[in-house]
Amino acid sequence: MVKEPVRILIVGGGYVGMYTALRLQRKLKSELKRGEVELVVVSPDPYMTYQPFLPEAAAGSISPRHVVVPLRRVLDRCRIVIGEVLSVDHARRTATLSTLATEEGAGTEQLTYDELVLAPGSISRALPIPGLADFAIGFKTVEEAIGLRNHVIEQMDIASSTRDPAIRDAALTFVFVGGGYAGVEALGELEDMARYTARYYHNIEPEDMKWILVEASDRILPEVGEEMGKYTVTELRRRNIDVRLGTRLDSCADRIAVLSDGARFPTRTVVWTAGVKPHPVLAATDLPLNARGRLRCTPQLTVDGTPHAWAAGDAAAVPDVTAADTGTETAPNAQHAVRQAGVLGDNIAHSLRGEPLETYSHKYVGSVASLGLHKGVAHVYGRKLKGYPAWFMHRVYHLSRVPTFNRKARVLAEWTLAGLFKREIVSLGSLEHPRAEFELAAGGKHPLDPKLDPKGSS
């Protein structure tokens with residue numbers, strides 16, 4: 001009888017999913033050649049997004065194509081399935097998938113496996129705030145980053161082409177909710193880009209724009225420490241950015257941002273970056289979850305009490321063995337995710353070969369954040385940097401971490417060219433509606449008709 005290969009199912013093509021598959025390709029090279037092991041990666045997108053570069057992609061410093069890594073090229077020994085896992089029955093070693101063919105009427109698929117790696121990542125944590133689902137935009141994907149860039153430039157076009165002060169004021173008011181990495185870096189890069197773009201408008205000055213950062217706690221960027229967080233607030237306010245700490249967004253219905261301190265801002269732009277939550281697929285499994293909805297894991301990255309199930313990254317509650325307090329978990333960030341993926345890949349190979357497993361142990365070394373071109377903050381190995389040195393460290397660190405030499409070379413080339421030439425200030429919002437002009441020519445209604453599109457230009 002021909003022995004069936006051991007099928008390793010990896011759910012998710014993000015940091016953990018891609019790096020784990022890469023590690024397994026190397027560790028199990030001989031087994032893959034002999035057909036003893038099969039690697040299957042299920043991902044909703046055919047690429048991995050390097051999220052720390054999203055703010056620079058939104059600002060136009062990096063091409064959107066260069067902040068993503070094509071899975072089929074990198075994972076050439078894996079079977080890539082573009083779709084989503086709807087549920088997992090680990091007792092029966094079965095996952096239910098929805099693929100692109102499912103939308104065409106093919107129905108869902110049942111995929112059996114021997115080893116399961118759950119790494120679906122996280123999704124934006126939205127709150128039941130009036131108007132949030134209708135008018136806000138997130139900042140977790142490359143599509144959202146480029147859509148936001150197009151939207152900001154379109155708002156400047158709207159403001160430039162009207163004499164109505166109410167329309168102009170709403171178009172030039174940009175509200176960002178959330179003082180973590182995503183919110184602060186996105187705000188810093190886009191404000192920098194818009195300030196530069198304003199020089200090409202005859203009737204818009206940088207001072208005409210209102211940039212507002214809303215944070216519910218009493219500090220921003222907690223990862224870089226209290227001192228660097230205070231410096232960041234000072235730096236943003238020096239750039240005329242309105243930073244409101246201890247403040248919440250109560251409503252953004254009818255294009256009016258209402259804050260908990262009583263302030264009201266007519267605006268066409270609300271960017272929501274106020275935290276994330278575990279992916280919904282975790283609740284559709286028979287695996288143990290903690291109170292926050294993450295998978296309970298061991299320091300060896302196995303799912304607690306569940307053989308043949310593994311997890312890491314945002315989906316996993318991994319004990320931090322370096323912490324003084326027992327019960328502390330590793331933070332759900334990229335620094336841990338990439339390192340956990342390496343240990344996870346090694347441990348799956350060890351498990352298949354009957355070898356002892358490794359324990360994940362990594363002490364957090366610090367953080368870096370960009371606040372726009374030549375501006376940043378950093379707290380690494382106890383050293384605190386700000387301004388140009390911190391911005392330079394931010395670029396060097398992330399250039400070293402972006403996957404594949406191909407992407408490293410392309411990003412470095414773009415940074416070099418950006419230093420020699422002027423910024424691009426073009427909005428390509430029409431890319432979001434590629435059939436608009438043809439539909440209009442064919443006698444249909446324009447997709448951007450305000451009656452059909454309540455969200456406006458973007």
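**Valine 68.** I looked up how well covered this residue is: valine 68 is buried, with a relative accessible area of 12%, in what is a predicted model. The cut-off for buried is under 20%. I placed valine 68 in strand β4, which covers residues 68-70. I then listed its contacts, leaving aside neighbours within four places in sequence, and found Tyr47, Met48, Thr49, Val142 and Arg407. I also took one distance from here: alanine 253 is 185 residues away from valine 68 in sequence, and the two C-alpha atoms are 34 Å apart in space.

**Threonine 99.** I turned next to strand β6, residues 94-99, where threonine 99 lies. Threonine 99 has a relative accessible area of 10% and is buried. With neighbours within four places in sequence left out, I noted Val81, Ile82, Gly83 and Glu109 as the contacts of threonine 99.

**Aromatic rings.** How many aromatic pairs does the count come to? I got eight. I looked at the rings of tyrosine 50 and phenylalanine 53, whose centres are 5.1 Å apart and whose planes stand at 65°. Planes over 60 degrees apart count as edge-to-face, so I entered this pair as edge-to-face. I checked the cover of both residues as well. Tyrosine 50 is buried at a relative accessible area of 4%, and phenylalanine 53 is buried at 0%. I found that Tyr50 and Phe53 belong to one aromatic cluster together with Tyr15 and Trp415.

**The whole chain.** I went on to the secondary structure and noted 13 helices and 24 strands. Is the chain as compact as a globular protein of its length, or less so? I compared its radius of gyration, 23 Å, with the 23 Å that the globule rule gives for 458 residues; the two are close, so the chain is as compact as a globular protein of that length. I noted that the C-alpha trace spans about 80 × 60 × 45 Å along its principal axes.

**Burial and contacts.** I found that 49% of the 458 residues count as buried. Among contacts with a separation of 6 or more, I noted that 66% come from residues 24 or more positions apart.

**Surface and charge.** I took the accessible surface of the chain as about 21,800 Å², and 55% of that surface belongs to carbon and sulfur atoms. Last, I looked up the charges: the chain has 55 positive and 54 negative ones, and their mean positions are 4 Å apart.

How values were computed
Residues numbered from 1 in each chain as written. Predicted model: local features only at pLDDT ≥ 70, side-chain atom pairs only at ≥ 80, totals over all residues. Heavy atoms only, no water. Helix = DSSP H or I, 4+ residues; strand = E, 2+ residues; numbered from the N terminus. Rg over C-alpha atoms; globule rule 2.2 N^0.38 Å. Buried < 20%, exposed > 50% of the residue type's maximum accessible area, 1.4 Å probe, protein only. Contact = heavy atoms within 4.5 Å. Areas by Shrake-Rupley, 256 points an atom, 1.4 Å probe, with all protein chains shown as cover. Lys, Arg positive; Asp, Glu negative; His and termini not counted. Charge placed at Lys NZ, Arg CZ, Asp CG, Glu CD. Phe/Tyr/Trp six-rings, centres within 6.5 Å; stacked < 30°, edge-to-face > 60°.
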